[in-house]
Amino acid sequence: MPAASPQNRPTACLTLADGTVFYGQGFGATGTTVAELCFNTAMTGYQEIMTDPSYAGQIVTFTFPHVGNVGVNPEDDETAAPVAAGMVVKWDPTTPSNWRSAEPLTGWLARQGRICIGGIDTRRLTRAIRQQGAPHVALAHDPGGNFDIADLVARARAFSGLEGLDLAKEVTCAQSYRWDEKRWAWPEGYTRRDTPGRRVVAIDYGAKRNILRCLASAGCDVTVLPATATAEDVLALNPEGLFLSNGPGDPAATGAYAVPMIREVLARDLPVFGICLGHQMLALALGARTIKMNHGHHGANHPVKDLETGKVEITSMNHGFTVDSQTLPAGVMETHVSLFDGSNCGIRMVDRPVFSVQYHPEASPGPQDSYYLFERFVAAMDAAA
């Protein structure tokens, strides 16, 4: 067989722990990264996905083939820099064509140190993830096309995985801060809150900026505290409500320090609202358990049923662990379920304004069916005032 020409020689490879190898064309940064591999079915929002702190420790396979179309811009970052370890796409990123684009996706990824691969059969890869579970992988990009496959397989097999791993401490803020920026709106863009609102403490387990914007838009004066904040830290700010953010890693590991804080705050009878990892933290604090999913939910088109109203919401999701609804204690009811697999997507206390959802009602990227949850949180604080 003739040697590959310089034009078609692979410059990147994705190696699974079972020895499967996918060759393609590298872009972004060069080098090697090891992580868990997941897939995301969203058709838009690749920049928001790559900068979502919930993707710490993961490489994202995009099932939608056209990535890069709108470039990137600073306004769409969900945090200061990409958090996902890498990107896998079917086709090489396209040249951006959008009035908001500040730079091409490929240049941004290289500058941010993210290793990526294109030219992959993402349908085959997605089927493998669905059938076998989220694999541990090594992703390498070398412009010279030199790869030590045995070493890459060994690295993938040595990856410890996300179970038992507390990643919230790695992506949380270093110190507290105030947030007053509201949601983006045409033609003004982002604006600031300039009127008093309900005092909310938001615990940052890896908070997306658009969640904080939604809280501000709904009428909250938001103070953000690090993931390791104690109940004393929270209550010192005299909050009217507690918000628990999204984040990465194993909820049971983060719960080692988060659950005692939440239980102390619950004893003060404050309204509490949680999203994603925050939902799992609340469930653990109330006495339930969490479990690792086969391949998780990652996308912007997930149907969720509200069991109390019968309404079906199309939601944005990103989670690899789920609350085991069979372990919910008395006084806590399941409010939402996934119509894909029946897994838990929401809970609430029966007699108190304490509730949470697994999905992302801030919807960036994604639909806006679930923004009402922010308004429900504010209404609960209004009623308690």
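Visitor: Where does Trp184 have its place?
Guide: In this predicted model, Trp184 sits in the loop between strand S8 (177-179) and strand S9 (198-204).

Visitor: And what is its relative accessible area?
Guide: Trp184 has a relative accessible area of 33%, and therefore counts as partly exposed.

Visitor: Which residues form a nonpolar patch with Trp184?
Guide: Trp184 forms that surface patch with Trp99 and Trp186, and together the three have about 460 Å² of accessible area.

Visitor: Let's switch to helix H6: how many of its residues are buried?
Guide: Helix H6, which runs over residues 209-218, is mostly covered, with 8 of its 10 residues buried. Those buried residues are Asn210, Ile211, Leu212, Arg213, Cys214, Leu215, Ala216 and Ala218.

Visitor: What covers the buried residues of H6?
Guide: The cover includes the strands S8 and S9, along with strand S10 (220-226), strand S11 (241-244), strand S12 (272-275) and helix H10 (372-384).

Visitor: What comes just after H6?
Guide: Gly219 comes just after H6, and this glycine takes a positive phi of about 115 degrees.

Visitor: New topic: how many salt bridges does a search of the whole structure find?
Guide: The search finds 15 salt bridges. One of them joins the side chains of Arg193 and Asp221, at 3.6 Å from N to O. Because Arg193 lies in the loop between S8 and S9 while Asp221 lies in strand S10, this pair ties together parts that are 28 residues apart in sequence.

Visitor: Is Arg193 buried or exposed, then?
Guide: Arg193 is buried, since its relative accessible area is 15% and the cut-off for buried is under 20%.

Visitor: Which residue does Glu362 form a salt bridge with?
Guide: Glu362 pairs with Lys208, and the closest N and O atoms of the two are 2.9 Å apart. Glu362 is in the loop between strand S17 (354-357) and H10, and Lys208 is in the loop between S9 and H6, so the salt bridge ties together parts that are 154 residues apart in sequence. Both ends are covered: Glu362 is buried with a relative accessible area of 4%, and Lys208 is buried at 3%.

Visitor: What about Arg348, which residue is its partner?
Guide: Arg348 forms a salt bridge with Glu308, with the closest N and O atoms 2.8 Å apart. This pair links distant parts of the chain, 40 residues apart, as Arg348 belongs to strand S16 (residues 344-349) and Glu308 to the loop between strand S13 (289-306) and strand S14 (312-324). Here Arg348 is partly exposed, with a relative accessible area of 24%, and Glu308 is partly exposed at 40%.

Visitor: Which residues are joined into one network by salt bridges that share partners?
Guide: That network is made of Asp180, Glu181, Arg192 and Arg213.

Visitor: On to cysteines: how many disulfides are there?
Guide: The count comes to 0 disulfides. The sulfur of Cys13 is 14 Å from the closest cysteine sulfur, that of Cys116, so the two are too far apart for a bond. Cys116 is in no disulfide either, as the nearest cysteine sulfur, in Cys38, is 13 Å away. Cys13 is buried at 0% relative accessible area, and Cys116 is also buried at 0%.

Visitor: One last residue: where does Glu36 lie?
Guide: Glu36 lies in strand S3, which covers residues 31-40, and Glu36 is buried with a relative accessible area of 4%.

Visitor: Which side chain does Glu36 make a polar contact with?
Guide: The side chain of Glu36 makes a polar contact with the side chain of Gln58, at 3.0 Å. Leaving aside residues up to four places away in sequence, Glu36 also touches several others, among them Gly57, Ala134, Phe159 and Lys292.

Technical notes
Residues numbered from 1 in each chain as written. Predicted model: local features only at pLDDT ≥ 70, side-chain atom pairs only at ≥ 80, totals over all residues. Heavy atoms only, no water. Helix = DSSP H or I, 4+ residues; strand = E, 2+ residues; numbered from the N terminus. Buried < 20%, exposed > 50% of the residue type's maximum accessible area, 1.4 Å probe, protein only. Polar contact = N/O pair within 3.5 Å; in protein donor to acceptor, adjacent residues only side chain to side chain. Contact = heavy atoms within 4.5 Å. Disulfide = S-S within 2.5 Å. Patch = residues over 30% accessible without salt bridge, like charges linked within 9 Å, V, L, I, M, F, W, Y side chains within 5 Å. Areas by Shrake-Rupley, 256 points an atom, 1.4 Å probe, with all protein chains shown as cover. Salt bridge = Lys/Arg side-chain N within 4 Å of Asp/Glu carboxyl O.
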